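This report concerns one glutamine side chain and one sheet. Please consult the sequence and the structure shown below while reading.

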Amino acid sequence: QAQLVESGGGLVQPGGSLRLSCKASGSDFSASAMSWFRQPPGKEREEREMVATLITNGGTFYGDSVKGRFTISTGNAENTVYLQMNNLKPEDTAVYYCNAVSRGYPYWGQGTQVTVSS
């Protein structure tokens, strides 16, 4: 079992920045990949969009709509992943979910709302 907790969402003006954090915990947690997905308003769970993925000891991957603006990274804190979002646009408005794959099983956080509006 693993638990993921996101933080850092909020309201920001177009062109602004936010940094999301995701902390994973669990006695047997060992991530092979950690990702950020987002679910825009009116979209179903099955329509969540992959925003960024970080493969443990591998590379990083981004959705086309965020390339050059968003950066996924890990920090000094264990089992923590960040999403730095710059030059935010209204179409980035969504609930952002952290996802981790640990020992072959996917886990999801509860989501954090990001709203980009003037």
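The text that follows treats the glutamine first and the sheet second.

**Glutamine 39**

The model described here is predicted. Glutamine 39 lies in strand β4, which covers residues 31-39. Its relative accessibility is 15%. Because this value falls under the 20% limit for burial, glutamine 39 is classed as buried.

The side chain of glutamine 39 takes part in the polar contacts listed here.

| Group on glutamine 39 | Partner | Distance |
|---|---|---|
| Side chain of glutamine 39 | Backbone oxygen of lysine 43 | 2.9 Å |
| Side chain of glutamine 39 | Side chain of arginine 48 | 2.9 Å |

Leaving aside residues up to four places away in sequence, glutamine 39 is in contact with Glu44, Arg45, Arg48, Ala94, Val95 and Tyr97. Arginine 48 thus appears among these neighbours and also as a side-chain polar partner of glutamine 39.

**The four-stranded sheet**

Four strands form an open sheet in the order β1-β3-β8-β7, and their pairing is antiparallel. Its edges are formed by β1 (3-7) and β7 (70-74), each of which pairs on one side only. On average, neighbouring strands of this sheet are turned by 15 degrees against each other, with direction ignored.

At the β7 edge, the partner is strand β8, residues 80-85. Five bridges connect β7 and β8 in the antiparallel sense. One residue pair can be located directly in the model: threonine 74 has valine 81 of β8 as its bridge partner. In general, the strands of a sheet pair through backbone hydrogen bonds, in either a parallel or an antiparallel manner.

Notes
Residues are numbered from 1 along each chain as its sequence is written. This is a predicted model: local features need pLDDT of at least 70, side-chain atom pairs count only at pLDDT 80 or more; totals for chains, interfaces and linings use all residues. Side-chain values use heavy atoms; hydrogens and water are left out. Helices (H or I, at least four residues) and strands (E, at least two) are DSSP runs, numbered from the N terminus. Buried means under 20% relative accessible area, exposed over 50%, partly exposed in between (1.4 Å probe, protein chains only). A polar contact is a pair of N or O atoms within 3.5 Å; within protein, one must be able to donate a hydrogen and the other to accept it, and residues adjacent in sequence count only if both atoms are side-chain atoms. Contact means heavy atoms within 4.5 Å. Two strands pair if DSSP finds at least two bridges between them. Axes are lines fitted to C-alpha atoms, for helices over the stretch in contact, and angles run from 0 to 180 degrees between N-to-C directions.
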